[in-house]
There are 2 protein chains.
Amino acid sequence: MPHRLDAQLEFLAEIDKLKSILRQNLVGDRSRRENSAEHSWHLGVVACCLAEYAQEPVDLLVVVKTVLIHDLVEIDAGDTFSYDPSPKAAKVAREAEAANRLFALLPDDQRREWRALWQAFEDGSTAEGRFARVIDRLQPLILHDLTGGPVWKAHQVKRSQVVARVGVIETCAPALWPWVEALLERATRDGWLVDA
Amino acid sequence: MPHRLDAQLEFLAEIDKLKSILRQNLVGDRSRRENSAEHSWHLGVVACCLAEYAQEPVDLLVVVKTVLIHDLVEIDAGDTFSYDPSPKAAKVAREAEAANRLFALLPDDQRREWRALWQAFEDGSTAEGRFARVIDRLQPLILHDLTGGPVWKAHQVKRSQVVARVGVIETCAPALWPWVEALLERATRDGWLVDA
């Protein structure tokens with residue numbers, strides 16, 4: 001078999017492990033925690049469905065590729081809860097190392113392309129990377145809304161922490177912001193979020 | 001909130017249910033059955049990674065959208081095992097009804113677009129629909145290879161049944177076919193598939 005296809009199939013088998021990485025969020029029926037593969041699928045559909053709300057012009061294929069692969073680094077580095085107070089530097093280093101290993105399974109042209117997509121997501125350094133971040137921040141809000149915020153409650157998350165985390169939505173997809181504000185207002189009133 | 005965004009967010013919450021639809025396939029570490037949401041995520045990455053093997057020119061964004069939404073009908077209609085011998089007509093009717101209900105949650109332009117993508121996947125009536133079928137047939141083979149074929153063994157699946165099911169790979173992505181043939185050869189020799 002050609003080495004190129006062999007490398008691609010090895011990569012595609014390796015990333016199956018993302019299905020075993022658990023996030024803090026629950027799935028909509030609250031029966032269990034969401035895993036990072038199904039989260040990434042949801043992001044792909046959200047991106048296609050809400051592309052019209054991107055403030056800057058974006059190449060939707062690039063956005064979708066980005067959200068599909070943005071969490072692969074968790075295969076080596078694990079998932080970090082969004083409101084984990086521990087220092088970020090160690091996480092950044094762990095994830096960069098993971099990106100180096102995983103994307104290096106691919107042929108060189110694809111390694112370069114996908115590594116760059118992941119980096120642009122991390123840095124928010126391209127319009128597509130920024131809109132992928134919008135989608136990655138929005139989808140958990142849909143789940144918090146659906147489940148009644150049990151994860152926020154359990155971790156005593158403050159409204160101000162959520163506002164800081166999802167601020168990219170206001171900047172890069174302002175038409176979605178009123179929905180976010182209304183949700184946070186309701187979540188605070190109903191005690192899902194600490195009013196601080 | 002504008003009715004359009006309201007409808008889109010309702011759709012995006014509804015499709016979360018795909019995470020609870022279980023397939024026959026196991027995930028790579030054999031710990032549990034794969035669900036249709038994480039299967040659809042895997043298909044998205046496989047499509048991006050192997051697009052170069054499409055025999056006909058394809059619009060990759062259309063292919064990726066298609067694989068991300070191709071199984072949504074299972075939310076209402078359930079998953080059907082690929083080698084289920086029961087008549088197909090009832091399944092086709094159930095899934096068409098499901099497609100009508102689910103995509104009707106979307107604004108009209110998106111309803112039409114996504115319903116058409118799903119139909120083209122079912123019929124194989126476009127180059128993108130056919131390549132999406134290639135990806136949908138190939139990904140389970142990657143998992144059978146990774147897990148040692150326990151699902152084929154449990155259902156006593158025949159090699160000829162698999163060949164009939166995955167034939168679209170030979171037609172629409174012939175460069176991938178030698179890998180499929182080698183896998184089926186090995187699977188038959190090692191008793192994962194019945195030699196018939």
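**Figure 1. Arg30(B) sits in the loop between β1 (22-26) and β2 (33-35) of chain B.** This close-up, like those that follow, comes from a predicted model. The backbone here deserves a second look: Arg30(B) has a positive phi of about 65 degrees although it is not a glycine. Is Arg30(B) buried or exposed? Neither label fits, because its relative accessibility is 48% and the residue therefore counts as partly exposed. In chain A, Arg30(A) is likewise placed in the loop between β1 (22-26) and β2 (33-35). Phi of Arg30(A) is near 60 degrees, again a positive value in a residue other than glycine. With 48% relative accessibility, Arg30(A) is also partly exposed.

**Figure 2. Chains A and B are related by a two-fold axis.** Chain A can be superposed on chain B by a rotation of 180 degrees with 0.0 Å of shift along the axis, and the RMSD is 0.0 Å. That is the relation of a two-fold axis. Both copies use the same surface, as 100% of the contact residues of chain A recur in chain B.

**Figure 3. Helix α1 of chain B packs against helices of both chains.** This helix covers residues 3-14, which makes 12 residues. From its first C-alpha to its last it reaches 16 Å, close to the 16 Å expected at 1.5 Å a residue. Which residues of α1(B) are buried? They are Leu5(B), Ala7(B), Gln8(B), Leu9(B), Phe11(B), Leu12(B), Ala13(B) and Glu14(B). On the chain A side, these buried residues pack against α2 (36-50), α7 (127-147) and α10 (177-189). Within chain B, their partners are α4 (74-77), α5 (88-103) and α6 (108-123).

**Figure 4. Leu50(B) is a buried residue of helix α2 (residues 36-50) of chain B.** Its relative accessibility is 0%, so Leu50(B) counts as buried. Which residues does Leu50(B) contact, leaving aside its neighbours within four places in sequence? From chain A come Leu5(A), Gln8(A), Leu9(A) and Leu12(A), and from chain B come Phe131(B) and Leu138(B). For a sense of scale, the C-alpha atoms of Leu50(B) and Val157(B) are separated by 27 Å, with their positions 107 residues apart along the chain.

**Figure 5. Helix α3 (residues 60-69) of chain B is largely enclosed by the rest of the structure.** Why is it described as largely enclosed? The reason is that 9 of its 10 residues are buried. They are Leu60(B), Leu61(B), Val63(B), Val64(B), Lys65(B), Thr66(B), Val67(B), Leu68(B) and Ile69(B). Note that the charged side chain type is represented in this list by Lys65(B). The buried residues of α3(B) pack against α2 and α3 (60-69) of chain A, and also against α2, α5, α6 and α7 of chain B.

**Figure 6. Val151(B) is found in helix α8 (residues 150-154) of chain B.** With a relative accessible area of 8%, Val151(B) is buried. Setting aside residues up to four places away in sequence, Val151(B) touches Gln24(B), Asn25(B), Leu26(B), Phe81(B) and His144(B). Val151(B) and Arg33(B) are 118 residues apart in sequence, while their C-alpha atoms are 9.9 Å apart in space.

**Figure 7. The largest pocket has a lining of 32 residues.** Its volume is about 750 Å³. Which residues lie nearest the centre of this pocket? They are Thr80(B), Ser82(B), Lys91(B), Arg137(B) and Arg165(B). At least two lining residues each come from β1, α5, α6, α7 (127-147) and α9 (159-172) of chain B. The largest share belongs to α7(B), with 6 residues. By type, the lining divides into 10 nonpolar, 9 polar and 13 charged residues.

**Figure 8. The second largest pocket has a lining of 28 residues.** This pocket has a volume of about 650 Å³. Nearest its centre lie Ser82(A), Lys91(A), Asp136(A), Arg137(A) and Arg165(A). In chain A, β1, α5 (88-103), α6 (108-123), α7 and α9 (159-172) each supply at least two residues of the lining. How many residues does α7(A) give, as the element that gives the most? Its contribution is 6 residues. The lining is made up of 9 nonpolar, 7 polar and 12 charged residues.

Notes:
Residues numbered from 1 in each chain as written. Chains lettered and ligands numbered in written order. Predicted model: local features only at pLDDT ≥ 70, side-chain atom pairs only at ≥ 80, totals over all residues. Heavy atoms only, no water. Helix = DSSP H or I, 4+ residues; strand = E, 2+ residues; numbered from the N terminus. Expected span 1.5 Å × (residues − 1). Buried < 20%, exposed > 50% of the residue type's maximum accessible area, 1.4 Å probe, protein only. Contact = heavy atoms within 4.5 Å. 1 Å grid on protein atoms, 1.4 Å probe; cavity = no way out; pocket = protein on both sides within 12 Å on 5 of 7 lines; lining within 4 Å. Points joined across faces, edges and corners; volume = space filled by probe spheres on them. Least-squares fit on C-alpha atoms with pLDDT ≥ 70 in both.
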